[in-house]
Amino acid sequence: MPKKRKLGRGVAVVGAGLSKFGIYPKGVRGQDLFVEAYNELRSSVDKGFDPGDIDALYLGNISSDLFERQVHIAPAVANRIGIVPKPAIRFEDACAASGVAFREAIIAISSGIYDIVLAGGLEKMTNLDTTQVTEVLAAAMDPDTEIPAGETFPGIYATIATAHMAKYGTEVEDFMRLGIKNHYNGSLNPHAHFDASIPDIMKRRAASAVKKGLPEPHWADEMEFLHDPKQNPVIAWPMRLFDCSTICDGASCVLLAAEDIARNFTDKPIFVIGTGQASDYFLAERKELASIRATKLAAREAYEMAGVSPQDIKIAEVHDCFTIAELVAMEDLGFYKPGEAVKAIREGENRLDGKLPINTDGGLKAKGHPIGASGVGMVVEIFKQLRGEAGPRQVKKKDVDLGLTHNAGAHGSTIVVNIFQRR
Amino acid sequence: MALENKFSEVAENKLYSLAYNKFLSEHKLMGARCKKCGHLSLPPKPICPECHGNELELEEMKGRGKLVAYTVIAVGSPLMVEEGYGRGKHYCCGIVELEEGAKICARISGVDTSKPEQIKIGTPVELDYVEATHAADPTHEEGERTFLSFKALS
């Protein structure tokens, strides 16, 4: 049994910002997207702050090397936002990069070495075409087995999906229901790459067909649309296009401060009360394929540190790089028993008005997945929701005071879980 | 020279990647069994993940097992696109549990990739190999390479 860990001193999030996620032209640099996020963060700090007081920059980024031909990106960002000569560090743990940067910032502040850390992430992916991006992402797989087998990340998660379907009777429609929910949430999020619900997309596609002089397509409902192979082609069966997160550009950041000074910045700090992280084997080496053990271990560490149980969580942001990943996370985080997440999905329990809203910002599916920015992007959403500042997608149920983020790298071979509290 | 000896020692270490791939090219799938606790690692690991022992011996897999999870890929990896797979020619890859107990990710042949929903988990499979020619990349020379594959038996 791992020992129970606790923070050396309390840490709070006191500001948060996001660039709009989407496809920016070539030549727009990832570091400029970070400036967008940072400017939004600055205006979010109610009582203001002096950037000169930032002790360090912790930046998640997976492959500025291959996407932008730039390395040493953290000091470059520090330079852009004017905080040189403060230490600036890049973290790379596949799609958990900024989740790890955030957690390391918590550890640094709780150790007492720093008081204020800017943690964030960025990725400018769309300079490369989809095949090239796929190759960059695939570099997070096992070069001796998964790459020679022809695996892709949609394929890896599709493989987890077939294991889950065989074990629990999960159906492809359950994955589609998650996509429908997340797209609806994304339609309410002005920062989202896809700010359109599935019905919105159906209307747009029908209109576009008519405009091209083609017969107007009709679908009885979202499910029929999502079963239409022309509209929703298979990427890696059973994962179709609308089961996959988007390749896009974006940046995210949050300002972290030691608990004893947090109220100097805002009357509504959001406290980090638990954090956990774990690693895992490549997929085939795991005992269990229908769940991700690293999520269970990281979650247990975070819950124990926070002194809360999964049933106490009011709102969650989970890593839905593919719809199956959201479903499996719902079980591994302990919100539902193994094989029972589908019941909640079918009953709409995780919608904005449900018992446990999940991915209120549209998730990686609709908000977008600029990989290095995603982990902190989730924290930005929990910060807004717990402060009641999420606009039209604000969860309206009372006492939304405890939130959770779950950020995965690659096949879940890195998992970071954080628990947040409004006091 | 001593330094050169060290290079060849690493290059020839049977528990490292280079040796695993050399054995594959000779149509041998090798795992490593821990002498201390008996745990089987596939591909071989230089250190046992169960007991941390570092005395492991190679063991050739018999090559029979069953399919425990899979996918049929339409948007192929660059490697598979180079072999002509992709949108117009889907391929199956999956995880095989061998009779020896270890699992491994590999290409799967002998299944109908046009009906992925009909591929059955539990299908018995047997070791097979695929040879294909590829351009050079940072870890391979240009030329023919051998890929691990399993053939569905029913």
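Across the interface of chain B and chain A in this predicted model, 12 residue pairs are in polar contact, with both members of each pair at pLDDT 80 or more. The side of chain B that touches chain A draws at least two residues from each of helix H2 (17-25), strand E4 (64-73), helix H3 (78-82), strand E5 (91-98) and strand E6 (103-109) of chain B, and the largest share, six residues, comes from E4(B). Sorted by class, that side of chain B holds 23 nonpolar, five polar and six charged residues.

Alongside these polar contacts, the count of salt bridges between chain B and chain A is one: Glu285(A) is joined to Lys45(B), with the closest N and O atoms 2.4 Å apart. The strand E4(B) also takes part in pairing between the chains, since strand E5 of chain A (residues 234-237) and E4(B) run in the antiparallel sense and pair over two bridges. Within that pairing, Trp237(A) has Val72(B) as its bridge partner in E4(B).

The extent of the contact can be given in residues and in area. Chain B contributes 34 residues and chain A contributes 29 residues, and the two chains bury about 2600 Å² between them, with 63% of that area on carbon and sulfur atoms. On the side of chain B, the residues that lose the most area to chain A are Pro78(B), Lys103(B) and Cys105(B), which together account for 20% of what that side buries.

Chain B has an internal interface as well, for its domain assignment gives domain 1 (2-60) and domain 2 (64-152), whose C-alpha centres lie 23 Å apart. Here 11 residues of domain 1 of chain B are in contact with 11 residues of domain 2 of chain B, and the area buried between these domains is about 870 Å², of which carbon and sulfur atoms give 68%. In domain 1 of chain B, His27(B), Leu29(B) and Leu42(B) lose the most area to domain 2 of chain B, together making up 53% of what that side buries.

Between the two domains of chain B the count of salt bridges is zero, whereas four residue pairs are in polar contact, both residues being at pLDDT 80 or more. The elements giving two or more residues to the side of domain 1 that touches domain 2 are H2 and strand E3 (56-60) of chain B, and H2(B) supplies the largest share, three residues. The residues of this side of domain 1 of chain B divide into six nonpolar, two polar and three charged.

Notes: Residues numbered from 1 in each chain as written. Chains lettered and ligands numbered in written order. Predicted model: local features only at pLDDT ≥ 70, side-chain atom pairs only at ≥ 80, totals over all residues. Heavy atoms only, no water. Contact = heavy atoms within 4.5 Å. Buried area = accessible area lost by both parts, 1.4 Å probe. Salt bridge = Lys/Arg side-chain N within 4 Å of Asp/Glu carboxyl O. Polar contact = N/O pair within 3.5 Å; in protein donor to acceptor, adjacent residues only side chain to side chain. Helix = DSSP H or I, 4+ residues; strand = E, 2+ residues; numbered from the N terminus. Nonpolar A, V, L, I, M, F, W, Y, C, P; charged D, E, K, R; others polar. Domains from an automatic or database assignment.
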